[in-house]
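Thanks for making time this morning. I would like to take you through one model, moving from its open and enclosed spaces to its charged pairs and a few local details of the backbone.

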Amino acid sequence: MGCKRAMMVTDKGVRKMGLLEEGIASLRTSGVDMTIFDDVTNDPPEETVKIAVSHAINAGVDCVVGFGGGSPMDVAKLVAYLAHKHDHQSLDSLYGVANATKSERLPLVQIPTTAGTGSEVTPISILTTGENEKKGVVDPVLLPDWAILDPVLTVSLPPKVTAATGIDAMVHAIEAYTSRLKKNEVSDGFAKMALRLLSENIHKVVTGDNGDLEARLAMLKGSLYAGIAFANAPVAAVHALAYPIGSHFHVPHGLSNSLMLPHVLKFNAKDPAAKAMYAELAPLIGGLLSNSSSSSSSSSSSSSEKVENMIAYYQSLPLELGLETQLRQVGVNQDDDIELLVTEAMKQTRLLPNNPRQVLPDDARRIYEEAY
């Protein structure tokens, strides 16, 4: 890409594990000078982006590398845009969809160290604004130039992180496939490929041989495919209800999604159209159902059975992988916090319209209570 001075955006945990060293050495051998910004945290506040942009401008970087999970990659996207020499746009003016005023940014490479967010192939960046609210920047200019998948980078992840990020990727695939407003053949195809790869390999990478690089690469591919899917058909109620859990109770994003997934599936399945789409996805989940149940001529009763089995699968999967399954286990208080979560979830007006079934405040309340 003709870069001479790159900035690597990462977090202190990734840096401490030594995952950056080989890439930095390779770049420097190629004549690329490096500066590192490692102050990214989970659910990064917008102030982190502003500091990183200032760092990039002062260092005179001409390309950006996001290295880590979703948070470093999300920050890297905004740095690549806001640190461009022709940019005079404020971060505040970018929130929402397609609000960038120019089409130029610095070259951007993304290197995921988790198989989950799919941020390496999406034009989306999620930040925490104020104390606890999450907002998104969605714009084609944020779409990265390169995504590099290296399964070795995921080996050192704790099993619970691998499990939660894997389920996160599954949520991306499921919600893209059932997205109400922008569902399309391209997103459907990637969602199906993603769900098959992820379901076939998630147990292998969490409870099996930690060094199974073939399975880990399959998980990275599944995450990437799911990212392409939801970049074209946006996510919905699972994410909308999960965001307040992450921002208010500092629960990792993947685990927040895992906590919400079976309950939102159950809620959505009462809608005939959503139920039919879930029945189409269920046979793709490895080991869940026999191939014969995927027939398009199957009866409504067998379709109901498919969906029931799919919901049961996502109720049992977190338990099998060692994750929390109830809101009370992550610090949510039923008396004091459910109303807070409902109020905050209903603010997710970018996401809720994508859900195949309308979610009203009373619906959100019941979903949270069932998850408690």
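What follows is a walk through this structure, which is a predicted model.

Let me begin with a pocket. The second largest pocket holds about 540 Å³ of space, and of the 23 residues that line it, those closest to its centre are Gly23, Leu27, Val109, Ile111 and Ile148. If you look for the elements behind that lining, strand 1 (5–9), helix 2 (21–29), strand 3 (63–68) and strand 5 (108–112) each contribute at least two residues. Sorted by class, the lining of this second largest pocket comprises 17 nonpolar, four polar and two charged residues.

From the pocket I turn to the enclosed spaces. How many cavities of 30 Å³ or more are there? The count comes to three. The largest cavity has a volume of about 50 Å³, and the residues around it are Ala115, Thr154, Leu157, Thr162, Val205, Arg216, Met219 and Leu220. Helix 7 (residues 213–232) gives the most to that lining, with three residues, and by class the lining of the largest cavity has five nonpolar, two polar and one charged residues.

The second largest cavity also has a volume of about 50 Å³, and its lining includes Ile174, Glu175, Leu261, Leu265, Tyr278 and Pro356. Helix 5 and helix 9 are the elements that give two or more residues to this lining, and helix 9 gives the most, with four. The class split for the second largest cavity is eight nonpolar, three polar and one charged.

Tyr278, which helps to line that second largest cavity, brings us to helix 10 (residues 272–281), where Tyr278 is among the buried residues together with Ala274, Met277, Ala279 and Leu281. At the N-terminal end of helix 10 there is a cap from Asp271, with a side-chain oxygen 3.1 Å from the backbone nitrogen of Ala273.

Next come the charged pairs. Side chains of opposite charge can pair when their charged atoms come close. The structure holds 13 salt bridges, and I will pick out several of them.

In one of these, Glu324 pairs with Lys160, and the closest N and O atoms are 3.0 Å apart. Glu324 sits in the loop between helix 11 (300–320) and helix 12 (334–345) while Lys160 belongs to helix 5 (residues 159–177), so this pair ties together parts that are 164 residues apart in sequence. Lys160, at 40% relative accessibility, counts as partly exposed.

Another salt bridge joins Glu339 to Arg365, with the closest N and O atoms 2.5 Å apart. Here Glu339 lies in helix 12 and Arg365 in helix 13 (residues 361–371), so the pair ties together parts that are 26 residues apart in sequence. Glu339 is partly exposed, with a relative accessible area of 40%.

A further pair sits within helix 13: Asp363 and Arg366 form a salt bridge whose closest N and O atoms are 2.7 Å apart, and the two residues are three apart, about one turn of the helix. An α-helix has 3.6 residues a turn, so residues three or four places apart point the same way. Are the two partners buried or exposed, or in between? Asp363 is buried, with a relative accessible area of 9%, whereas Arg366 is partly exposed at 45%. Finally for the charges, Lys12, Arg15, Asp38 and Asp39 are linked in a network of salt bridges.

On the cysteines, a search of the whole structure finds zero disulfides. Cys3 counts as buried at 12% relative accessibility, and Cys63 is buried as well, with a relative accessible area of 5%.

I will close with the backbone. Most residues other than glycine have a negative phi, and most peptide bonds are trans. Which residues, then, have a positive phi without being a glycine? One of them is Ala98, with phi of about 55°, found in the loop between strand 4 (96–97) and strand 5. Another is His250, whose phi is near 55° and which is placed in the loop between helix 8 (237–249) and helix 9 (253–268). His250 is exposed, with a relative accessible area of 65%.

Terms used:
Residues numbered from 1 in each chain as written. Predicted model: local features only at pLDDT ≥ 70, side-chain atom pairs only at ≥ 80, totals over all residues. Heavy atoms only, no water. 1 Å grid on protein atoms, 1.4 Å probe; cavity = no way out; pocket = protein on both sides within 12 Å on 5 of 7 lines; lining within 4 Å. Points joined across faces, edges and corners; volume = space filled by probe spheres on them. Nonpolar A, V, L, I, M, F, W, Y, C, P; charged D, E, K, R; others polar. Buried < 20%, exposed > 50% of the residue type's maximum accessible area, 1.4 Å probe, protein only. Polar contact = N/O pair within 3.5 Å; in protein donor to acceptor, adjacent residues only side chain to side chain. Salt bridge = Lys/Arg side-chain N within 4 Å of Asp/Glu carboxyl O. Disulfide = S-S within 2.5 Å.
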